[in-house]
Structures are given as C-alpha cells and as structure tokens.
Amino acid sequence: MPTITAHLFGGFELTSGDGERLELKARKTRAVLAVLILEEPRWLSRDWLAGLLWGVRAVAQARTSLSQALYEIRKLEAALRVTIVNRVAERLRLAVDIFKSVVRAFITELMENILEAAKYQ
C-alpha cells in the first residue's frame, strides 16, 4: 500500500513513499488537510471545518470553498490511486492507513520519552 508523509513543521509538505513531492496548490486546501492530520482519527463535520477556515464568509460560500478544496484533494487521490480523506455524508477524516505524519511521530516519541522518564522518578 502506498504511503504519504506529511511534514507540518516549518511549512506544509507532502511526499510520496518514494520521496516525490506532492502538490496541493491552494493554501486553504493544504490547511484542510493539515487540520485533518492534526485531528486524526476524529471525524470532523463539514460545517465545522468550513467555519474554521472560512468563518468570515457566509455559510454557503464557506461550504463551496471547502468543496473546492476537497475537489483538489480528490484530484490528488485519483492521480495516486489512494484515498486521502474518508468522506461519510457530512463528515470527513484522514485516511490514516496511508499517512505517516511527522507530527504524529513527534508526539509518539515525546510520549514515549515522558513515560520512560517517569519510570525513574
């Protein structure tokens, strides 16, 4: 199964399993994916996500903007032949089975170090 690595520290970057840089052109599309990465494995409502990223716009316009961002992600999914975002009705979440998140790895290592240090106190 292919993997995608998400780098969120120092700027947003996606790379494929073979190291190829994956492009998402729109800044808000990258923001949608970053929020899904940070919130995984939770399901997020489309309304919540639209409000978070496009809150100053009218609800209909915010949802249209979210749909455009999800369309750009779907184009990447089609090119890679993988699912990046799971969609069920009005909810979205990251397809965690193909993602390696640098943030998740950092948090996991941090927690392991904290637990290890706690053994000696």
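**Note on the predicted model: contacts and surface**

1. E77 sits in helix α3, which spans residues 59-80. This is a predicted model. E77 is buried, because its relative accessible area is 8% and the cut-off for buried is under 20%. Its side chain does find a partner: the side chain of E77 reaches the backbone nitrogen of V85 at 2.9 Å.

2. Next, the salt bridges. How many does a search of the whole structure find? The search gives 6 salt bridges. Three of the pairs are taken up in the points below.

3. R63 and D47 meet through their side chains in a salt bridge, with 2.7 Å from N to O. This pair links distant parts of the chain: R63 belongs to helix α3 and D47 to helix α2 (residues 46-54), 16 residues apart. R63 is partly exposed, at 26% relative accessibility. D47 is also partly exposed, at 47%.

4. E39 and R42 form another salt bridge, and their closest N and O atoms are 3.0 Å apart. E39 has a relative accessible area of 24%, so it counts as partly exposed. R42 is partly exposed as well, at 48%.

5. R21 pairs with E23 in a salt bridge, the closest N and O atoms lying 3.3 Å apart. The pair is part of a wider arrangement: a network of salt bridges links E13, R21 and E23. Are R21 and E23 buried or partly exposed? R21 is partly exposed, with a relative accessible area of 48%. E23 is partly exposed, with a relative accessible area of 48%.

6. T5 belongs to strand β1, residues 4-7. Its relative accessible area is 15%, so T5 counts as buried. T5 and R21 are 16 residues apart in sequence, and their C-alpha atoms are 9.6 Å apart in space.

7. Now the aromatic rings. A search of the whole structure finds 0 aromatic pairs. W43 does have a charged neighbour: R91 lies over the face of W43, at 4.7 Å from the ring centre.

8. Which residues make the nonpolar surface patch? They are F9, F106, I107, L110, M111 and I114. The patch covers about 590 Å². One of its members, M111, is found in helix α4, residues 102-119. M111 counts as partly exposed, because its relative accessibility is 42%. That value clears the cut-off for joining a patch, which is over 30% relative accessible area.

Methods:
Residues numbered from 1 in each chain as written. Predicted model: local features only at pLDDT ≥ 70, side-chain atom pairs only at ≥ 80, totals over all residues. Heavy atoms only, no water. Helix = DSSP H or I, 4+ residues; strand = E, 2+ residues; numbered from the N terminus. Buried < 20%, exposed > 50% of the residue type's maximum accessible area, 1.4 Å probe, protein only. Phe/Tyr/Trp six-rings, centres within 6.5 Å; stacked < 30°, edge-to-face > 60°. Lys NZ or Arg CZ within 6 Å of the ring centre and 35° of its normal. Patch = residues over 30% accessible without salt bridge, like charges linked within 9 Å, V, L, I, M, F, W, Y side chains within 5 Å. Areas by Shrake-Rupley, 256 points an atom, 1.4 Å probe, with all protein chains shown as cover. Salt bridge = Lys/Arg side-chain N within 4 Å of Asp/Glu carboxyl O. Polar contact = N/O pair within 3.5 Å; in protein donor to acceptor, adjacent residues only side chain to side chain.
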